[in-house]
Every structure is written in C-alpha cells, then in structure tokens.
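Dear colleague,

I am passing on a structure for you to look through, and my notes on it follow below. Please read them with the model open beside you.

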Amino acid sequence: MGAPARMNLWTKAVEVMVLAVAVCFSLGATDASSRFNDLGHRLMCTCSCAQLLGECNHVGCQESGRERNELTAAIAAGQSDEQILAAFATKYGATVLAAPTAHGFDLVAWVAPFAVFAAALLGTILLVRRWSVGKTQVAAATDNDPAALALREKIRRETDTNNDGGF
Amino acid sequence: MATFGSLSLLIALALAAYNLLAGAVALRLLATGQPARIQPERLADTARRAGIAGFVAVTAAAFALVWSVFANDFSITYIMEHSNRDLPGAYKFSALWSGQEGSLLLWAWLLAVYGFVLRLTHKTDVRLYAYAGTILAAVQVFFLAILNFAAPPFSLMKGTIPEDGNGLNPLLQYPEMVIHPPLLYLGYVGFTIPFAFALGALMMRYPGEKWIKITRVWTLVTWLFLTCGIFLGMHWAYAVLGWGGYWGWDPVENASFMPWLTGTAFLHSVMMQEKKGMMKSWNVWLIFSTFLLTLLGTLLTRAGLVSSVHAFAQSSIGNWFVAFMVIVLVVCIFTYVLQRRHLKSEHHLESLVSRESSFLFNNLVLLTACFVILWGTLFPILSEYAQGSKVTVGAPFYNRVAVPIGLFLLLLTGVGPLLPWRATSIKSIRRNFILPIVALWATVIVCLAVGVRPWKDGSFDSGNFYALVAFAMSASVFAAIVMEFLRGGAVIAKQTGRNLLVATWMLTRRNTRRYGGYIIHIGVVIVVVGLAGAAFNRNVEKEMALGDKLEIGPYTLESIGGTQDTNPNYDSWYAVLDVSRGGKKQFQMTPEKRVYHASGQPQTMVAIHSTPSWDLYVVYEGANPDTGQPIIKAFLNPLVGWIWAGVALMFFGTIVALVPSQKPAAQKGGQ
C-alpha cells in the first residue's frame with residue numbers, strides 16, 4: 001500500500017471515530033434538571049462544619065436544614081441560579097458561596113491560575129526554542145571540532161542506551 | 001517524668017546548637033584553609049557526634065511523653081487535654097501527635113532519626129555529609145527552640161490535678177490514625193534531607209552529580225512516605241468523616257499535597273541533571289521550595305491562618321514559623337546568588353518535541369498545580385486583606401481549575417515515555433502514538449455507548465465530561481506504558497529465548513528505575529480512574545423504621561432493628577441492615593454511631609461494602625429527635641476501590657525503583 005493510500009485510510013478511520021462519537025453524544029440527553037443538587041454543591045453549610053451544603057451530614061444541624069428549605073423555596077419560586085446565590089450571599093455573607101464569584105476582586109482567583117499557567121507555558125516554549133536555535137548555531141560552528149564531535153558522540157551513547165531514565 | 005522530658009529537650013537543644021556552631025566553624029575552616037588550634041576535621045566530627053547524642057536526647061523526651069500518657073499523668077497539661085484513663089493503648093500512643101506540642105515533638109524526633117541515619121552513614125562522603133548534618137542541626141535547633149520555649153509538651157497543670165483527662169478527639173480514634181500522621185510526618189520531615197544535601201552541595205560547590213545520587217534514595221523514600229500518608233489520610237476521611245468523599249480540598253489536605261507535587265517534579269527533573277547536566281538551578285530551587293512548602297503547610301494549619309475541618313492542633317506559633325521561613329529563604333537566595341555559576345547547564349535542549357522537553361513540561365504542570373492549590377488556600381486571606389471580607393475557596397474552585405491541569409498532567413504521563421531523547425521524527429511519533437490514540441478513541445466510544453456521557457439531567461455536566469476524558473486518557477496512557485514494557489520485553493525474549501512474561505520481568509530487573517517508574521505511572525492511571533468514578537456517586541437519605549426499605553443502585557437495604565453496646569471508652573448504637581440484590585439477601589451492614597465518655601462527642605463509624613465496581617457506603621446519622629427513628633444515608637460510590645489498588649501499585653513501583661538494577665549476564669561476565 002502506497003503512502004497516499006495509507007494516509008487516506010487514516011483519514012477515513014478518524015472520520016469514522018468522530019462520527020461514532022457524535023452519534024453517541026446525540027443519544028438521550030433528556031433527563032430532568034436537578035438544580036437543588038447542583039446549587040447544594042455551590043453553597044456551604046453555615047454551621048462551621050466547613051462542608052458543602054449538599055454534603056453536610058450532621059443530624060439535627062439547624063443551619064443546613066434551614067438553608068436547604070430556603071434553597072427549595074427559591075427554586076420553586078422560579079429564581080435563577082444567580083439570583084439564589086446572590087440572595088444567600090446577602091443573607092449569610094460571601095463565605096456561604098463555596099467558590100469565589102466571577103466579579104470584582106474575586107475574578108482574580110479564577111484568572112490567576114490560568115494566567116500563570118499560560119505565562120509559564122509560553123516562557124518554557126520560548127526558552128526551549130531559544131536553546132534549540134543556540135544549539136543549531138553552536139553545532140554549525142563546531143561541526144569539524146574533534147572535541148565537540150567526541151562530546152556529541154558521548155551524549156548520544158549515554159542517551160540512546162536503554163540503561164537509564166527512571167526515577 | 002515531666003522533669004526528665006523537659007530536661008531531655010533542653011539537652012537536645014544544647015547538643016543541636018553545638019552541632020550547628022561547631023559544624024559551621026569546622027566547615028568554614030576547611031573551606032578557607034585558615035590555621036586553627038583544633039583540627040577542623042576533629043571539630044566536625046565532634047559536631048557529628050553531638051548530632052548523634054541529640055537523637056538520644058530527643059528520643060528520651062518522646063519516650064517521656066509516651067510513658068506519661070500510659071501512666072495517666074494528668075499533671076501534664078498535654079496529657080490531660082489529649083488522653084484519658086480508658087483510652088485504648090494504641091490510641092494512647094497516638095496521643096503523641098494528636099496535639100500541637102506532641103506533633104512538634106514527633107517532628108523533632110523524626111528529624112533526629114533521619115539525622116542519626118545520615119550521621120552514621122557519613123563515610124559515603126564525609127565533607128558533603130558534614131554540610132548536610134550541620135544544616136539539619138540548624139533545622140533541629142528551630143524545632144527544639146519551639147519545644148523548649150513556645151510549645152513545651154511537658155508544661156504542668158495549675159491548681160488541682162484532675163482525676164481523668166479530656167480524652168482523645170473521637171475523629172482520631174480510628175486505626176489509620178495510628179499510622180497516617182507518622183507516615184505523613186516522615187514525608188514532611190524527610191524532605192529536610194534532600195534540602196540539606198542540595199543546600200550543602202551548593203555551599204561547597206560540590207563537583208559532579210554524586211549528591212543527586214545520594215539524595216535520590218532519600219527523596220524517593222520520603223516521597224513514598226508522603227504518598228502513603230496522603231492516601232491513608234484520604235481513606236481515614238472516607239471511613240470516618242461520613243460524608244461519602246475522601247478529598248475535600250481542605251487546607252490541611254492541600255498542605256500535604258503541595259510538597260508532594262514539588263517533590264514529584266523534583267524526582268522527574270533530577271533525571272535531566274543526572275543524564276545531561278541540565279536544570280541544575282531548577283532542581284536546587286525545587287527542593288528548596290519543597291522544604292519551604294512543608295513549613296508553610298505547618299504554618300497554615302497550626303497558626304490558624306486558614307480554617308480547616310481537621311486542624312486538630314492550633315496555637316500561636318505562627319510567628320516562629322514565619323521567622324524561620326524568612327531565614328531559610330534568605331539563606332537559600334544568598335547561597336544561590338553566590339554560587340549560581342556552579343549551576344550552569346552543561347547541555348541545552350535540542351527540540352521542543354523530545355523526552356527532555358516532556359520533563360520540562362511535566363515540571364511546569366506539576367508546579368502550576370502546586371500554585372493553584374497554594375493560591376486557592378491563600379486566597380481567603382488575600383481577599384480579606386484586599387476587600388475586607390473573607391471568601392470561601394472550596395471544592396467547586398479546585399474542581400474547575402485543578403482537574404483540567406491534572407488531566408493535562410495525565411496526558412504528559414503517557415506522552416513523555418513515548419518521546420525519544422534529543423529529538424523526535426514524524427515517523428517515530430506515528431509509530432509510537434498509534435496504539436495509545438486508538439485506545440483513547442475506543443474508550444470514548446465504549447464509554448458513550450455504556451452511558452458515560454458529558455451531560456446529566458439534560459444539560460452539560462463538567463463532572464461527567466471530565467470523567468469521560470479521564471477514562472479515555474487513562475486507557476491511552478495505560479496502552480502507552482504497556483507498549484513500552486512489551487517492546488523491551490520482546491527484545492529480551494528474542495535475545496534469551498524466554499517467554500514474553502519472564503522477559504518483561506527480566507527487563508524490569510535490568511532497569512528498575514525506569515520500569516519501576518512506569519509501574520508507578522500505571523498506579524497513577526488506576527488512581528485517576530478511581531477518582532473519575534466520583535462523577536457518578538449517588539446517595540439516598542431516609543428515616544428507617546423497623547422493616548422499612550431503602551433502594552440505591554442494585555441494592556435494597558432493609559432495617560431489621562438496632563442494637564447497643566458499651567465499653568469503658570464509648571457507647572455505641574448500631575443500625576442493623578439486611579442488604580439484598582435482585583431479591584436475594586447478600587450480606588448485613590451495621591453502621592455505627594458512638595458517643596465518647598470523656599469528651600461527650602459523637603462520632604460516626606461508616607459501614608462499607610467494597611467491590612471493584614463500587615462501594616456501598618452506609619452512614620448511621622443518628623436518631624431523629626422527634627420520632628426516635630434512625631436516619632440512614634446510603635452512598636453508591638463507583639470505582640473507589642481502584643484508588644486504593646492504584647496506591648498499592650504506586651507503592652510497589654517505588655519499591656522496584658529503589659532496588660538496584662541487575663546487570664545483564666554478558667555485562668557481568670565482561671567485568
């Protein structure tokens with residue numbers, strides 16, 4: 001089989017896989033909503049147990065019982081998620097929300113990790129590219145240098161063997 | 001015994017201080033070659049011996065505290081607050097680390113044990129060990145100073161001595177609590193050793209990479225302790241806290257996870273230094289950071305800076321830790337700036353797509369994960385400072401931010417070993433990546449077909465989506481690693497004529513570091529599969545009168561009554577539940593609720609029936625105060641058993657990686 005035919009086969013295989021995934025994705029996404037469970041995991045219990053409202057397991061915990069009732073009532077009243085969360089934050093303080101909001105200073109909490117990751121990723125790529133260019137230039141300059149050739153051979157020997165490379 | 005303990009701590013402090021001062025003077029004399037009355041080698045040896053004697057003194061103090069617990073000496077405040085007469089023996093022992101002063105004593109004792117081993121094996125490299133021993137002594141002086149002046153474990157009660165103590169926190173009265181904290185501490189404290197070697201090697205401009213080889217074993221063992229400690233903590237949280245989960249992104253958990261991440265990064269990047277003389281500065285700073293993170297973790301949880309569900313011992317020693325961390329940081333920066341020329345890389349990377357760069361990216365992701373956790377842990381403090389009010393940074397934040405990073409790391413776990421050193425050709429990428437990619441897509445299709453879909457209740461669900469991605473990537477990484485084993489095994493099978501299984505074992509024996517590492521990676525994959533199962537957890541809560549039934553998944557739980565028990569330590573109430581599946585009775589579960597006599601605190605003891613598919617996890621939450629009927633909460637937690645199995649494999653892989661490689665017969669004969 002020639003290279004173009006093999007390439008064609010691979011393209012077809014990828015197409016089949018994507019199609020299969022799309023078919024599976026389209027099957028049965030019709031269950032009823034469970035906002036109580038979702039919101040219960042975005043709010044904290046205020047009894048100082050430091051647990052999510054949906055996971056507070058203290059029998060007779062006054063706070064979680066009251067919060068759950070309020071949450072049920074708010075959902076029944078047709079309030080949006082944002083309205084419910086805002087109402088809880090107003091009543092119990094910002095610490096009732098299990099995660100920072102996406103507004104004001106709180107936004108920094110969400111942005112900083114991704115910004116740091118992106119900056120570090122970019123920095124690493126640039127660093128490696130700079131090293132690669134430097135290496136090419138050095139290699140070109142020292143192609144006929146016996147010491148450099150010997151060093152390169154030593155590195156090749158060390159890195160090609162299967163004798164190392166684990167923890 | 002209190003006087004003996006206090007005196008032992010004072011002597012230990014004096015010995016550690018002598019070790020530090022005499023060691024520093026001797027090393028200075030050796031470095032400068034200045035003439036002195038005493039031979040610097042002899043002075044250094046007296047410092048080493050003082051370190052060994054210090055171990056005896058700290059051991060005596062720890063013994064005194066344990067003895068006092070067993071002797072019910074309630075004249076000692078610490079014993080009164082953390083023990084009682086009827087506390088079982090094993091938990092009396094664990095009272096040593098159940099409070100602030102005791103856990104600091106445990107820290108000092110473990111440091112003394114590590115130092116003792118280090119000082120006994122000093123002949124490996126006398127000068128380097130002298131540096132490391134002196135740095136260890138400096139750390140020991142800090143802990144012993146706290147124990148002597150800020151948090152003395154032997155301080156005496158004022159006024160009347162009570163007949164009985166307050167007892168141990170019920171949360172800590174669980175078998176794993178007897179081993180989880182010491183293992184975690186062995187991990188925390190153990191990172192002081194590679195830190196001491198790294199700083200010492202930098203101070204003395206140590207030639208070559210021998211110090212890396214010496215440190216590797218220490219680091220790997222320490223990492224293993226920390227790994228086991230973290231996972232035992234997870235299991236304890238799962239079995240005792242009764243909320244159905246094992247990781248809540250609590251500051252205490254985060255504090256243990258951060259040094260684990262940087263330590264893991266160090267274990268990977270150190271290979272680059274060994275093999276190619278690269279990333280020297282990076283490695284030094286990784287180990288410095290790891291050590292500082294162990295201190296920061298202690299500061300965060302002990303000083304009450306952040307609230308935690310299981311910071312059992314808080315006090316005002318925060319200032320001591322802040323001061324010590326500043327000193328450590330200044331010493332590290334100063335030494336680095338002074339000696340940085342010594343850390344110049346010998347080689348550079350040749351290609352963006354190579355094994356070397358995969359290590360670099362692996363480090364990048366691990367450190368980003370560490371930053372995310374640190375950021376999330378500290379953000380409430382930052383928020384309070386910036387806008388005057390605290391916010392909560394809980395599981396939803398970490399699940400959104402840390403999970404994608406974790407999945408990227410998993411991807412690198414699979415990709416890294418498939419990339420050759422130096423540079424990669426398109427041909428080799430195609431050859432190495434076909435099987436993993438096929439495994440990935442096949443898993444996606446199978447998962448979607450069996451109902452693992454990225455939506456729940458009609459809308460997109462990030463938990464389900466991440467689970468699907470995690471399953472697919474895990475399959476891919478698993479395929480990649482198995483392929484590596486089989487490829488090598490096939491070559492050896494051809495050479496030796498043995499079958500593939502034996503040949504793969506021989507391959508592992510010939511390069512234990514590499515293949516032990518791969519076994520650890522398979523363990524990580526299995527853990528990830530187990531963690532991904534959490535997306536499909538279910539739970540039902542019901543008040544159950546006699547004969548009432550509760551259904552969850554394929555199981556039906558029927559209440560057949562309750563029973564009570566009492567012992568000198570606590571009273572218990574059990575709910576007795578028959579569990580049937582498909583109409584047939586399978587087994588019985590007896591979740592328990594305890595109330596401890598000494599403290600009067602209640603505690604749940606969860607009943608767990610574990611299978612490879614899921615855990616049936618049942619909590620007796622207590623009796624409804626109005627009706628008197630028991631309230632039962634049942635969870636069906638898929639794949640949790642995989643987490644513990646994965647950890648066991650990680651443990652095995654680490655042991656394999658620690659065993660020296662066996663040389664092939666031909667090579668042996670040639671020597």
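Among contacts in chain A between residues at least 6 apart in sequence, what percentage join residues at least 24 apart? The value is 36%, and I give it with some caution, since this is a predicted model and chain A averages a pLDDT of 71, with 55% of the residues scoring at least 70. Confidence in this chain is lowest in helix 6 of chain A (residues 146-160), at a mean of 53, whereas helix 4 of chain A (residues 81-92) has the highest value, 88. Two stretches of chain A need particular care when you read them: over residues 23-33 the pLDDT is below 50, although this stretch has 15 contacts in the model beyond near neighbours in sequence, and over residues 139-143 the pLDDT is also below 50, with one such contact. As for its make-up, chain A has six helices and zero strands, and buried residues account for 20% of its 167 residues.

Turning to chain B, I would start with the largest nonpolar core, which has 238 residues and in which B:A108, B:L111, B:F143, B:F471 and B:V618 are those with the most contacts. Helix 9 of chain B (residues 210-240) supplies the largest share of this core, at 18 residues. One of the residues with the most contacts inside the core, B:F471, is in contact with B:T443, B:C447, B:V452, B:V529 and B:A532, once its neighbours within four places in sequence are left aside.

Another of these residues, B:V618, leads to the strands. B:V618 is the bridge partner of B:A607, and B:V618 also stands opposite B:A634 in strand 12 of chain B. Strand 11 of chain B (residues 614-623) pairs with strand 10 of chain B (residues 607-610) in the antiparallel sense over four bridges, and the two form a hairpin with three residues between them. Strand 11 of chain B also runs antiparallel to strand 12 of chain B (residues 630-638), to which nine bridges join it; here the hairpin has six residues between the strands, and B:G628 in the turn has a positive phi of about 80°. Strand 11 of chain B is mostly covered, with eight of its 10 residues buried.

Among the helices of chain B, helix 14 (residues 395-415) has 21 residues and spans 29 Å from its first C-alpha to its last, close to the 30 Å expected at 1.5 Å a residue. There is nevertheless a kink of about 35° at B:A402, shortly before the proline B:P404. The buried residues of helix 14 of chain B include B:F397, B:Y398, B:V401, B:I405, B:L409 and B:L410.

Finally, a glycine in helix 2 of chain B (residues 40-70), B:G51, may be worth a look. Is B:G51 buried or exposed? B:G51 counts as buried because it has 28 C-beta neighbours inside 10 Å, where the cut-off for a buried residue is 20 or more. Not counting residues up to four places away in sequence, B:G51 touches B:N19, B:G115, B:R119, B:G133 and B:A137. Of these, B:G133 is 82 residues away from B:G51 in sequence, yet their C-alpha atoms are 7.7 Å apart in space.

With best wishes

Definitions and conventions:
Residues numbered from 1 in each chain as written. Chains lettered and ligands numbered in written order. Predicted model: local features only at pLDDT ≥ 70, side-chain atom pairs only at ≥ 80, totals over all residues. Expected span 1.5 Å × (residues − 1). Bend = angle between axes of the 7 residues up to and from the residue. Buried ≥ 20, exposed ≤ 12 C-beta atoms within 10 Å, placed from the backbone. Core = buried A, V, L, I, M, F, W, Y, C linked by C-beta atoms within 7 Å. Contact = placed C-beta atoms within 7 Å. pLDDT = per-residue confidence, 0-100. Pairing = 2+ DSSP bridges.
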